[in-house]
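Student: Could you take me through one part of this structure closely? I would like to see how its main nonpolar core is put together and which helices pack there.

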Amino acid sequence: MNRRETLPLGVDIGAARIRVALLERDGPHGARLIAVAARETAGDATGAVAAARTELATRERRCVLALGAADAHLHVSALPGMRGGERERAARYQAAQFAGFSIADAAVRVVPLEADRCIVGIARRAALAGRLAAARAAGLRPIAVDDAALALGRVYPQAGAIVDVGVLAATLVLAADPVPVCRVFAGGGDAMTAAVVAALGLDPAAAEARKRSLGLAGAGEHARDALVEQLAAALIEHRSRARREVDEIVLVGNGARTCGLAESLERAVAVPVRLATLAPELSPRLPADVVRAAAPDWALAYGLGLWECAA
């Protein structure tokens with residue numbers, strides 16, 4: 001494969017699983033998905049990333065990583081009449097008001113917009129350093145750390161809302177200009193699996209398999225319903241004051257496959273909810289059924305792979 005045709009790898013390092021997406025440039029602004037390699041981390045993110053890169057059989061070392069809403073925030077601020085260090089100090093002070101974690105342990109960046117408005121980005125230093133260290137130890141060369149919400153928005157630009165159901169938590173991403181609004185809720189896939197374990201006395205592996213094939217089906221439905229209730233409340237509040245109507249909700253993440261989750265959320269908010277998909281034509285080398293089935297799991301890595309096209 002010609003190095004010049006390859007885009008930087010999209011590397012999604014999750015709590016329990018990593019995904020590495022390999023894309024090729026297709027024209028001046030487009031890209032083709034060549035393959036995605038996924039591995040369980042088993043406590044070793046570096047080893048998982050290295051194994052995924054080996055599976056992809058690519059010489060590409062550049063990569064784009066992501067931080068989610070639990071570790072990073074974007075906020076639009078007005079900083080009139082300020083320059084250089086003064087603006088940086090003011091941005092850091094404002095960031096402390098919305099960060100949700102100690103500003104002393106955070107990295108803060110300012111990106112100017114029009115007039116006196118700026119986007120203030122804040123990230124946990126420990127989370128940032130951990131992602132960078134894992135990628136570098138795996139032989140990769142990070143060129144950017146993206147915001148996960150922005151990466152998902154590249155994949156589903158028409159969605160009014162995206163719900164990323166991870167292992168430990170669920171993130172609601174609400175489309176807004178110039179940056180999306182994010183809310184994080186406890187109660188990800190592990191919470192629903194634990195509820196099945198508690199209700200039926202199954203081991204976690206059997207409970208996970210049952211959750212994905214049969215849904216909760218009366219066993220631990222309260223965990224799913226508690227998450228749906230939180231998501232619905234946040235969506236209803238947002239719709240009451242947002243300029244853009246939420247007319248579709250897309251579910252991503254492994255927990256998004258939980259049977260009945262999409263239907264329960266759709267009933268709660270009266271908005272169409274669908275499981276994430278990727279168009280088969282995005283990947284001429286992969287079978288259409290594989291792309292369709294894996295889309296919820298691959299969405300973030302694919303969006304990170306598109307970073308250079310959007311930059």
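Tutor: Happy to; here is a walk through the core, a helix contact beside it, and the cysteines.

This is a predicted model, in which local features need pLDDT of at least 70, side-chain atom pairs count only at pLDDT 80 or more, and totals for chains, interfaces and linings use all residues. Residues are numbered from 1 along each chain as its sequence is written, and side-chain values use heavy atoms, with hydrogens and water left out.

A nonpolar core here is a set of buried Ala, Val, Leu, Ile, Met, Phe, Trp, Tyr and Cys residues joined through side-chain atoms within 4.5 Å. Buried means under 20% relative accessible area, exposed over 50%, and partly exposed in between, with a 1.4 Å probe and protein chains only. The largest such core has 33 residues, and Leu23, Leu33, Tyr156, Ile162, Val252, Leu278 and Tyr302 have the most contacts inside it. At least two residues each come from strands E2 (17-26), E3 (30-40), E4 (62-67) and E12 (249-252), and from helices H4 and H9. Helices (H or I, at least four residues) and strands (E, at least two) are DSSP runs numbered from the N terminus. H9 gives the most to this core, with nine residues.

Tyr302 is a good place to zoom in. Leaving aside neighbours within four places in sequence, Tyr302 is in contact with Ala21, Leu23, Leu33, Val155, Leu278 and Leu282, where contact means heavy atoms within 4.5 Å.

Tyr302 also takes part in the contact between H4 and H9. The axes of H4 (residues 148-155) and H9 (residues 288-305) come within 8 Å and cross at roughly 90°, so H4 is roughly perpendicular to H9. Axes are lines fitted to C-alpha atoms, for helices over the stretch in contact, with angles from 0 to 180 degrees between N-to-C directions; 65 to 115 degrees counts as roughly perpendicular. On the H4 side the contact is made by Ala148, Ala151, Leu152, Arg154 and Val155, and on the H9 side by Ala299, Leu300, Tyr302, Gly303 and Leu304. These residues divide into eight nonpolar, one polar and one charged.

Apart from this core lies another, of 26 residues, including Val163, Ala256, Leu261 and Leu265.

Finally, the cysteines: the whole structure has zero disulfides, a disulfide being a pair of cysteine sulfur atoms within 2.5 Å. Cys63 is buried, because its relative accessibility is 0%, and its sulfur is too far for a bond because the closest cysteine sulfur, in Cys309, is 16 Å away.

Technical notes:
Angles under 35 degrees count as roughly parallel, over 145 as roughly antiparallel, 65 to 115 as roughly perpendicular and the rest as oblique. Ala, Val, Leu, Ile, Met, Phe, Trp, Tyr, Cys and Pro count as nonpolar, Asp, Glu, Lys and Arg as charged, and the others, Gly among them, as polar.
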